[in-house]
Amino acid sequence: MSHPDPYGSTEPRGWDRPAPALPWPDTDLEPGPWRPAPAAPTHPAEPDTYARPDAYDTYAGPYPTTSRRHDGPGRYDGPPAGDRGRPDGPEHRGPWREAADDEYPTAQIAPVRDEPTDQIPAVRDEPEPEPPAGRRGRGRRRASAERPPTTTPTTSRAGRNLPAAIGVGVALGAAVVVPLFFFMPAFLAVLATAVGIGIWEMARAVRRSGAHPPLAPLVAGGVITVGLAWFAGPDALSLGLLVTVLGTMIWRLGDGPGNYQRDLTAATLIAVYVPFLAGFAAMLAAAPDDGHLRVLVTLVAVVLSDTGGYAAGVTFGKHPMAPTISPKKSWEGFAGSVTAAAAGSAVLLWVLFDVAPWWGALFGMAISVSAVLGDLAESMIKRDLGVKDMSNLLPGHGGLMDRLDSILFAVPVAYLLLAVFVPVVS
């Protein structure tokens with residue numbers, strides 16, 4: 001009596017069962033003597049962890065078999081005793097055996113041994129071959145009569161284009177001095193224009209912080225402030241500032257309550273910083289008989305302060321004055337500014353106003369200190385806003401406010417000191 005087929009077939013095993021026909025002739029698969037199948041295990045079947053997918057579920061070895069997916073003669077039940085293979089046990093059951101070394105040629109290759117690296121010749125850096133004569137390197141442009149060589153602008157140690165800065169400075173000085181001595185109302189027009197441009201640059205710069213001060217009332221109020229200071233003096237200057245701020249508040253109501261406080265704060269800063277301080281220059285020029293000289297000595301003191309500070313800072317500057325605000329300013333440059341302004345003002349006030357030289361030197365020192373403070377104040381505003389220059393209107397200088405920063409802080413000090421040293425005669 002045949003044992004039941006453990007794979008689910010109820011037909012008996014034996015020679016009376018025909019072998020399945022193979023789709024190809026294979027003489028190696030000959031039927032052998034029948035052997036009874038092993039008894040079913042009493043413990044639960046464990047999964048075959050070494051089983052391959054069905055597409056590769058045939059045994060390719062020296063033992064006769066057809067497939068695990070069908071029964072028939074020559075069914076593989078495991079390697080013979082003594083054959084190399086996995087240890088016997090339920091966790092190692094499967095139709096795969098360990099391959100012999102002669103079945104894989106790479107098993108006969110000797111292992112790689114570490115060789116000493118001191119016998120390997122060192123790699124030498126070979127120089128790059130020179131390009132043939134008459135050929136230029138990559139990225140270089142040959143200059144000719146029609147195509148001049150490319151030149152970079154000359155910059156100084158302070159980071160400026162020095163020729164452009166000198167040219168623009170001379171042009172600005174001429175635009176101020178010529179109307180100041182030949183046609184005074186034209187100087188008022190120049191001053192009002194400078195105030196309008198300065199307000200535009202400041203309003204444009206503070207927008208980086210999210211503030212949007214209304215430009216129209218600021219420009220109109222700034223021009224009015226300068227005109228009132230020119231014609232009516234200090235009281236009218238304060239009135240002009242008040243009118244500018246109130247007009248800005250009313251104008252800003254039309255844009256709604258969003259960011260109203262921030263916009264109004266920025267507008268007040270601009271109104272005080274540009275037109276109010278510039279109004280003192282208008283009052284200096286409006287002095288009878290010698291208004292043009294008062295403006296001149298103030299501007300010369302500021303120019304001497306900037307020039308002396310630049311020369312001393314470039315030559316001797318080693319100790320930063322305010323590294324977090326303006327890294328290029330040094331204490332040596334500040335000493336040069338004060339010295340140059342004091343010496344020049346002492347001579348100039350003595351010649352023009354017959355003021356004692358020590359009072360003239362004091363005037364120059366005060367103007368120099370206020371000019372440096374004005375420069376630092378604008379540098380702090382620009383650093384807070386994250387801008388390098390207020391604009392790129394003036395080559396080599398940045399914006400107009402980058403030139404007015406020292407003057408705007410200097411003119412109130414000059415107005416007060418000259419009112420004491422050289423009283424105005426009505």
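# Close-up views of a predicted model

**View 1. The loop residue D354.** D354 is exposed, with a relative accessible area of 65%. That value counts as exposed because the term applies to anything over 50%. The model shown here, as in every view below, is predicted. D354 sits in the loop that runs between α7 and α8. Its phi is positive, at about 60°, although D354 is not a glycine. Most residues other than glycine have a negative phi.

**View 2. The loop residue D289.** A second loop, the one between α5 and α6, holds D289. Here too the residue is not a glycine, and yet D289 has a positive phi, of about 75°. D289 counts as exposed, since its relative accessibility is 73%.

**View 3. The chain as a whole, for orientation.** The chain has 426 residues, of which 33% count as buried. Its secondary structure consists of nine helices and two strands. Along the sequence the elements come in the order α-α-α-α-α-α-β-β-α-α-α, a pattern that places the two strands after six helices and before three others. Among contacts with a separation of 6 or more, 65% are between residues 24 or more positions apart. The exposed surface of the chain is about 26,900 Å², and 62% of this area is supplied by carbon and sulfur atoms.

**View 4. Helix α9 and its bend.** Helix α9 covers residues 401-421, which makes 21 residues. From the first C-alpha to the last, α9 reaches 29 Å, close to the 30 Å expected at 1.5 Å a residue. The helix bends by about 30° at A410. A proline, P412, follows A410 within four residues. Both A410 and P412 are buried.

**View 5. The buried residues of α9 and their cover.** Several residues of α9 are buried, including M401, D402, L404, D405 and S406. Further along α9, the buried residues include L408, V411, A414, L418 and F421. What covers the buried residues of α9 includes α2 (184-206) and α5 (260-285). Also included in this cover are α6 (291-316), α7 (331-352) and α8 (357-385).

**View 6. An aromatic pair between α5 and α9.** The count of aromatic pairs comes to five. One of these is formed by Y273 and F409, with 6.2 Å from centre to centre and 75° between the planes. The pair is edge-to-face. It links distant parts of the chain, as Y273 belongs to helix α5 and F409 to helix α9, 136 residues apart. Y273 is buried, because its relative accessible area of 6% is under the 20% cut-off. F409 counts as partly exposed, at 29% relative accessibility.

**View 7. An aromatic pair within α7.** The ring centres of W331 and F334 are 5.9 Å apart, and the planes stand at 90°, so the pair is edge-to-face. An angle over 60 degrees is what the term edge-to-face requires. W331 and F334 are three residues apart in helix α7, so about one helical turn separates them. W331 is partly exposed, with a relative accessible area of 45%.

**View 8. An aromatic cluster.** F276, F280 and Y415 together form one aromatic cluster.

Note on methods: Residues numbered from 1 in each chain as written. Predicted model: local features only at pLDDT ≥ 70, side-chain atom pairs only at ≥ 80, totals over all residues. Heavy atoms only, no water. Expected span 1.5 Å × (residues − 1). Bend = angle between axes of the 7 residues up to and from the residue. Buried < 20%, exposed > 50% of the residue type's maximum accessible area, 1.4 Å probe, protein only. Contact = heavy atoms within 4.5 Å. Areas by Shrake-Rupley, 256 points an atom, 1.4 Å probe, with all protein chains shown as cover. Phe/Tyr/Trp six-rings, centres within 6.5 Å; stacked < 30°, edge-to-face > 60°.
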